[in-house]
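Me: I would like a close look at a single part of this structure. Please describe how that part is packed, and then place the description in its wider setting.

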Amino acid sequence: MKRFSSDWYWYYVINYTLVILIVFPIYWTFISSVKSPAELITSDPTYFPQTWTWKYYYQIWNYDLSAAWQFNDGDYFEKKSRSLKESFFNFFNPDEKKSIGRAFWNSIVVSFGTIVLTTIVCTFAGYALAVLRGPFKNIIFLLIITPILFPGVSLIIPLYKILKDIGLLNNLYGLIFLHSTFMLPLGVFMMRNAFKSIPSSLREVSILEGTSELQIILRVLLPLCIPGLLTVMVFAMYVSWNDYIFAYVFVSTAEKEVLNVALAKIALGGNEFDMKWGSITAGSVVSFIPIIIFYTFLQQYFVRGVTGSAVKE
Amino acid sequence: MTFVRKEKIIFLLMVSPALLLLAIFFLWPLFNSFWISFHTWPMFGKPKWVGLDNYINTLNDPRFWDTLKFTTIYTFTATPMLFIVALITALLCNVRAWGTTFFRAMYFLPVVLSFATASYMWLWLYSELYGIIIYVLELFGFGGPGKNLNVWTTPTSSLWAVNTMVTWKFSGIQMIILIAGLQAIRDDYNEASTLMGASRWQTIWHVTLPLLRPSIALCLILCIAGGYQAYEQFLIMTQGGPQGSTRTILMHTTDLGFAFFKLGPAASVGIFVMIIIFVITAIQLRLFKPH
């Protein structure tokens with residue numbers, strides 16, 4: 001292709017059209033969530049909100065999920081809306097209300113727990129499998145990566161029974177453990193490769209200097225494995241924040257609900273003519289904002305983790 | 001204590017958390033899955049051994065075959081859509097030009113959203129009265145004047161509506177795999193074919209695509225394995241409707257297990273799903289062994 005030819009013109013026309021088509025649903029969801037009810041529910045859609053309102057956000061923030069069925073009660077805003085300040089403090093006292101704030105908090109707890117547990121477990125296992133000598137090394141490695149052959153969703157019935165038996169049903173720790181377990185193949189694989197790529201002389205020198213194994217990992221080798229570590233952390237967050245089926249099946253009370261499942265409660269209430277769509281779009285925005293912020297800053301690790309889990313290069 | 005022995009102990013200590021998680025939340029359920037499937041589980045009292053009865057009942061259950069058939073249809077209609085979009089975006093991003101990094105980032109963006117969120121977003125886009133997609137479709141004359149277009153009334157339109165959402169949501173992963181494959185193709189081939197007078201389309205068709213075959217196969221297999229795990233997109237968008245025509249095999253499993261409390265049959269359906277996905281993934285690993 002020659003520079004400045006009409007080919008380039010078409011190249012950018014096609015690309016920008018595709019970008020607009022792909023980003024449009026996200027843009028549309030966002031502007032729908034800030035439109036006024038009259039503007040939202042009209043047969044003549046506007047492509048930029050004429051009046052901005054954060055009503056729906058107040059509404060879902062203060063909305064009692066355990067009373068999902070009374071959502072249609074007439075003057076909803078008057079009854080339930082609170083000041084922003086109050087909502088803000090509710091967020092830090094999630095026990096007080098069973099709102100989407102509570103679900104948001106639960107999602108954060110589960111994601112954070114998964115990130116921490118996955119990072120610790122995968123770092124140690126990856127280090128041991130890459131560097132140390134030990135018995136049954138290959139068998140252990142193969143065992144750890146077997147979950148890629150059996151998707152967690154096909155084990156949903158026995159998992160339910162086991163979680164019930166050990167008392168982790170309806171419990172956020174249960175979700176953390178499950179997400180971490182199904183993160184193991186990618187996590188251990190990534191960390192093992194990361195540790196393997198570091199010359200072994202570095203570790204040998206540290207041993208001669210009398211550094212303990214734990215200190216070698218934390219002080220010497222881990223700083224050199226930051227890309228691998230970030231990939232694992234980002235992917236753990238991605239898996240945990242976006243999980244639906246485990247959270248949907250294994251958690252049943254409103255106080256323990258995570259964000260993705262809480263969205264269903266909002267969707268159940270209301271009808272076409274009601275404020276339902278405003279709340280759903282606001283809920284969607286709340287649920288994708290954190291992950292899009294992460295994506296903006298850590299894009300390459302997302303790409304690497306998401307495809308690495310598929311390709312296992 | 002010798003140095004080697006100490007190292008072995010440290011090794012075992014370091015892999016034990018991973019093995020513990022694996023044992024409790026993966027290996028134990030895996031074995032339990034078979035154990036449950038050989039028993040009936042009454043509401044009260046002890047489980048009873050019934051041998052292969054659950055499997056035989058599953059194979060004789062029309063709902064099993066209906067959901068399996070639907071899941072297969074979904075998989076083999078969504079896969080080509082995903083693949084074509086992924087191939088187009090990958091070829092567009094593989095050009096050396098200003099802005100490709102930005103385009104790639106934008107094409108990958110929907111991948112990071114969760115299936116649940118994406119489903120709710122598209123439910124709004126498809127909303128019968130105020131959805132923007134419906135609005136655009138009606139502008140083009142679909143549905144006819146005075147009639148409201150509703151994509152959820154027939155099984156076929158429901159399927160294509162969900163397929164469109166899945167294509168939007170998922171083609172980014174396939175695109176990245178294809179880009180990795182494209183970058184591995186040496187420039188010499190393209191240059192040689194251009195020198196020999198081939199047009200750009202001929203180069204793509206006769207040179208690029210054949211060389212890209214391993215990545216293409218990987219994409220297709222991933223799509224197929226993913227298709228059989230379809231769950232939340234149909235649960236949220238169609239609720240299995242209309243008349244249970246869009247229920248996936250996993251919805252069948254969870255319904256049996258948690259709505260009817262038939263754990264034995266549900267576990268046997270789960271094992272069939274496992275076998276299907278296991279075979280597909282095993283083929284995948286077989287084809288793409290590191291050289």
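Reply: The following account concerns a pair of helices in chain B, and then the domains and the chain contact. The model is a predicted one.

The pair consists of helix α10 of chain B, residues 213–227, and helix α13 of chain B, residues 263–287. Their axes lie 9 Å apart, and the helices pack at an angle of about 165 degrees. Because angles over 145 degrees count as roughly antiparallel, α10(B) is described as roughly antiparallel to α13(B). The crossing of α10(B) and α13(B) is left-handed.

Which residues make this contact? From α10(B) come B:A217, B:L218, B:I221, B:I224 and B:A225. From α13(B) come B:I277, B:I280, B:T281, B:I283, B:Q284 and B:L287. Sorted by class, the contact of α10(B) with α13(B) has nine nonpolar residues, two polar residues and no charged residues.

The wider setting begins with the domains. In the domain assignment, chain B has domain 1 (1–37) and domain 2 (53–287). The centres of these two domains of chain B, taken over C-alpha atoms, are separated by 36 Å. Four residues from domain 1 of chain B and seven residues from domain 2 of chain B take part in their contact. On the side of domain 1 of chain B that touches domain 2 of chain B, there are two nonpolar, two polar and no charged residues.

Chain B also meets chain A: 75 residues of chain B are in contact with 76 residues of chain A. Helix α1 of chain A, residues 6–34, gives the most to chain A's side, with 11 residues. By class, that side of chain A has 56 nonpolar, 15 polar and five charged residues.

Technical notes:
Residues numbered from 1 in each chain as written. Chains lettered and ligands numbered in written order. Predicted model: local features only at pLDDT ≥ 70, side-chain atom pairs only at ≥ 80, totals over all residues. Contact = placed C-beta atoms within 7 Å. Helix = DSSP H or I, 4+ residues; strand = E, 2+ residues; numbered from the N terminus. Nonpolar A, V, L, I, M, F, W, Y, C, P; charged D, E, K, R; others polar. Domains from an automatic or database assignment. Axes fitted to C-alpha atoms, helices over the stretch in contact; angles between N-to-C directions. Parallel < 35°, antiparallel > 145°, perpendicular 65-115°, else oblique. Left-handed = near helix turned anticlockwise from the far one by under 90°.
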